[in-house]
Amino acid sequence: MTDARPRKRSLTLQGHRTSVSLEDAFWEELQAMAERREMSINALVAEIDAARGVSAGLASAIRVHILAELKRR
């Protein structure tokens, strides 16, 4: 079983380093999504970041994006 505690990782978005904390299950699915789309995690997160509203934090936007993608399958 994966760790339920959030794990912080560094990403580069628009040339700037940032950190995002997500649970292992979300990191694993984010990696799988990026691989299916033949893109890097940084590129995928940049897309999610560009589409999120100002009221949503980046980690929340990533979780919601992953959930929406899984529900579409």
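These notes go through the predicted model, from its core to its strands, salt bridges and loops.

1. The largest nonpolar core comprises 17 residues, and those with the most contacts inside it are Val-20, Leu-30, Val-45 and Ile-62. Two or more residues each come from β1 (7–13), β2 (16–22), α1 (24–36), α2 (41–51) and α3 (58–72). Of these elements, α3 gives the most, with 5 residues.

2. Val-20 deserves a separate look, since it is among the core residues with the most contacts inside the core. Not counting residues up to four places away in sequence, Val-20 touches Arg-7, Lys-8, Arg-9, Leu-11, Trp-27, Leu-58, Ala-59 and Ile-62. One of these partners, Ile-62, is itself listed with Val-20 among the residues with the most contacts inside the core.

3. The strands β1 and β2 run antiparallel and are joined by 7 bridges. Within this pairing, Leu-11 has Thr-18 in β2 as its bridge partner. The two strands form a hairpin with 2 residues between them, and Gln-14 lies in the turn.

4. Ahead of the hairpin, Pro-6 is found in the segment before β1. Pro-6 touches Ser-21, Leu-22 and Glu-23, when residues up to four places away in sequence are not counted. For Pro-6 and Ser-19, which are 13 residues apart along the chain, the C-alpha atoms are separated by 12 Å.

5. A search of the whole structure finds 7 salt bridges. In one of them the side chains of Arg-7 and Asp-24 meet, at 2.8 Å from N to O. This pair links distant parts of the chain, with Arg-7 in strand β1 and Asp-24 in helix α1, 17 residues apart. The two partners fall into separate exposure classes: Arg-7 counts as partly exposed because its relative accessibility is 37%, whereas Asp-24, at 10% relative accessibility, counts as buried.

6. A second salt bridge brings together the side chains of Arg-36 and Glu-29, at 3.0 Å from N to O. Here Arg-36 has a relative accessibility of 46% and therefore counts as partly exposed, while Glu-29, at 17%, counts as buried. Salt bridges that share partners join Glu-29, Arg-36 and Arg-73 into one network, and a reader inspecting the Arg-36 and Glu-29 pair should therefore view Arg-73 along with it.

7. Arg-52 also forms a salt bridge, with Asp-49 as its partner, and the closest N and O atoms are 2.6 Å apart. The relative accessibility of Arg-52 is 31%, so this residue counts as partly exposed.

8. Two loop residues call for a check of their backbone angles. Most residues other than glycine have a negative phi. Gln-14, although not a glycine, has a positive phi of about 55 degrees, and it is found in the loop between β1 and β2. Glu-38 likewise has a positive phi of about 55 degrees although it is not a glycine, and this residue lies in the loop between α1 and α2.

9. Are these two residues buried or exposed? Gln-14 counts as exposed because its relative accessibility, 69%, lies over the 50% cut-off. Glu-38 is exposed as well, since its relative accessible area is 76% and the same cut-off applies.

Terms used. Residues numbered from 1 in each chain as written. Predicted model: local features only at pLDDT ≥ 70, side-chain atom pairs only at ≥ 80, totals over all residues. Heavy atoms only, no water. Core = buried A, V, L, I, M, F, W, Y, C linked by side-chain atoms within 4.5 Å. Buried < 20%, exposed > 50% of the residue type's maximum accessible area, 1.4 Å probe, protein only. Helix = DSSP H or I, 4+ residues; strand = E, 2+ residues; numbered from the N terminus. Contact = heavy atoms within 4.5 Å. Salt bridge = Lys/Arg side-chain N within 4 Å of Asp/Glu carboxyl O. Pairing = 2+ DSSP bridges.
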